[in-house]
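Welcome to this tour! Open your viewer, keep the selection tool handy, and follow along one stop at a time.

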Amino acid sequence: MNCRRAATLVALLLPTTLAAQASGSDPYAPVVLLLPGSARALGMGNVGVASRDDDVLFYNPAQIAIARGFSASGERLSATATTGALSSVTRFSTGGVALGMRMVDYKAGANYFPVNRESMLDDGAATGTSIEAVIGVAQTFKSLRIGANAKYVEDAVPSIRVGRAAFDLGIAKDMFRSTIGLSVQNLGAATNVPCGLASSTRSRDCVIPPGIPPFPPDTRVTSAALPFKATLGAATARPLGQFDFVGTAAVSVLRSGFWVPAGGAELGYSWLDGYSIALRAGARRPIVGEGTATAGAGFTMDRLSIDYALETLSGSRIGHRIGLRVR
């Protein structure tokens with residue numbers, strides 16, 4: 001697949017409806033599972049299903065089999081919302097084992113739970129925290145990589161703490177001079193949330209019929225499902241004259257049936273063995289709270305890489321993410 005074909009693939013996956021209708025306002029929890037997990041991947045449309053970096057743990061566990069190293073990144077989403085991620089991979093048999101954690105702190109309006117990527121950006125009276133702790137393992141069987149994650153995820157706000165187990169599955173294979181990956185993420189049971197803490201505008205279960213006042217105590221509950229996502233994607237790397245080109249594209253389907261095509265590219269230049277710089281750009285069909293465009297840059301010195309990424313968010317906001325990778 002040459003550069004022209006890669007660009008055509010990205011264009012096909014980014015239709016003219018890219019910035020039209022958005023999804024993600026459904027009562028999903030925890031919100032940390034909706035956030036990026038990598039500065040480099042975020043710069044390319046937040047596509048990481050075929051990545052070879054250790055933070056692929058948050059995108060496709062199958063790629064843990066060939067990923068190595070340690071990564072840490074943090075992002076300022078708004079004046080009151082910040083998020084960070086840690087991940088590390090080590091070799092095991094014909095694959096690898098990975099450990100990771102993501103966390104976000106935010107403020108939201110009282111009696112608004114669970115939050116989404118939009119509501120968590122605004123200031124509010126209630127302080128919230130969302131975490132993900134994950135362990136992943138992957139092995140190579142002939143030429144096929146297979147992986148799985150087990151994780152504990154939690155949302156915590158005043159008066160309530162919602163935690164549960166969740167799972168990811170993934171496969172990946174190198175073919176046609178590219179890497180193809182498929183992941184199914186956030187498998188697990190829904191959690192009941194008291195209606196006194198859930199916004200009545202976000203769930204029909206919490207709407208009180210006209211003329212029927214609630215009688216205390218309010219025992220009604222609504223269901224907060226995990227943000228299930230299935231993603232099929234590919235990545236390819238090619239020399240382009242004096243530059244190194246990486247192209248990646250993916251399409252995801254969410255629990256609601258909303259399709260999210262995304263893609264991006266990286267153009268790198270090395271002037272000395274072990275030293276390189278890279279520019280990145282990407283686009284995605286946004287869910288609620290997100291914008292379409294992402295971009296980034298990176299600098300590598302031997303085994304150390306420093307990455308920067310930005311993503312457009314709702315309300316003309318821009319999220320800024322900085323990451324450190326050691327291979």
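Which residue in the turn of the hairpin formed by β2 and β3 has a positive phi? Keep that in mind while we take a look around; remember too that this is a predicted model.

**The whole protein**

Start with everything shown as a cartoon. You should find two helices and 16 strands. The protein has 327 residues, and 51% of them count as buried. Now think about who touches whom: among contacts between residues at least 6 apart in sequence, 59% join residues at least 24 apart. If you switch on a surface, the protein exposes about 14,800 Å², with carbon and sulfur atoms supplying 64% of that area.

**The first strands**

Select residues 69-78, which make up strand β1, and then residues 81-92, which make up strand β2. These two strands are antiparallel partners, paired over nine bridges. Two residues lie between them, and together the strands form a hairpin. To see individual partners, click on Ala72, whose bridge partner in β2 is Leu86. Then try Ser73, which stands opposite Ala85 in β2. While side chains are on display, remember a general point: in a regular strand they alternate between the two faces of the sheet.

Now add residues 95-108, strand β3. β2 and β3 run antiparallel and are joined by 11 bridges. At one of these positions, Phe92 stands opposite Gly95 in β3. Here is the answer to our opening question: this hairpin has two residues between its strands, and Ser93 in the turn has a positive phi of about 55°.

Which strand, apart from β2, is β1 joined to? Select residues 317-326: this is strand β16, which runs antiparallel to β1 and is joined to it by seven bridges. Click on Ser71 to follow one link across, since its bridge partner in β16 is Arg325.

**Two loops**

Next, select Asn116, in the loop between β3 and β4 (126-141). Is Asn116 buried or exposed? Its relative accessible area is 4%, so Asn116 is buried. Show its side chain and look for the backbone nitrogen of Ser119, which lies 2.8 Å from a polar atom of that side chain.

Then move to Pro158, in the loop between β5 and β6. Pro158 has a relative accessibility of 45%, so this residue counts as partly exposed. Use the distance tool from its C-alpha atom to that of Ala126: the two atoms are separated by 6.8 Å, although the residues are 32 apart along the chain.

**Aromatic pairs**

How many aromatic pairs does the structure hold? There are two. For the first stop, select Phe243 and Tyr269: the ring centres are 5.7 Å apart and the planes meet at 50°, so this pair is tilted. The pair links distant parts of the chain, with Phe243 in strand β11 (residues 243-254) and Tyr269 in strand β12 (residues 259-272), 26 residues apart. Phe243 counts as partly exposed at 35% relative accessibility, and so does Tyr269 at 32%.

For the other pair, select Trp271 and Tyr275. Their ring centres are 6.3 Å apart and their planes are at 45°, so this pair is tilted. Trp271 is partly exposed, with a relative accessibility of 45%. Tyr275 is also partly exposed, at 28%.

**Inside the protein**

Finish with the nonpolar cores. Which residues of the largest nonpolar core touch the most other members? Select Val31, Leu77, Val104, Tyr106, Val115, Met120 and Ile287, which hold that place among the 28 residues of the core. β3, β5 (144-157) and β6 (160-175) each supply at least two residues of this core. Another core, of 13 residues, lies apart from it. To find that one, select some of its members, including Val56, Leu57, Ile64 and Ala98.

Note on methods:
Residues numbered from 1 in each chain as written. Predicted model: local features only at pLDDT ≥ 70, side-chain atom pairs only at ≥ 80, totals over all residues. Heavy atoms only, no water. Helix = DSSP H or I, 4+ residues; strand = E, 2+ residues; numbered from the N terminus. Buried < 20%, exposed > 50% of the residue type's maximum accessible area, 1.4 Å probe, protein only. Contact = heavy atoms within 4.5 Å. Areas by Shrake-Rupley, 256 points an atom, 1.4 Å probe, with all protein chains shown as cover. Pairing = 2+ DSSP bridges. Polar contact = N/O pair within 3.5 Å; in protein donor to acceptor, adjacent residues only side chain to side chain. Phe/Tyr/Trp six-rings, centres within 6.5 Å; stacked < 30°, edge-to-face > 60°. Core = buried A, V, L, I, M, F, W, Y, C linked by side-chain atoms within 4.5 Å.
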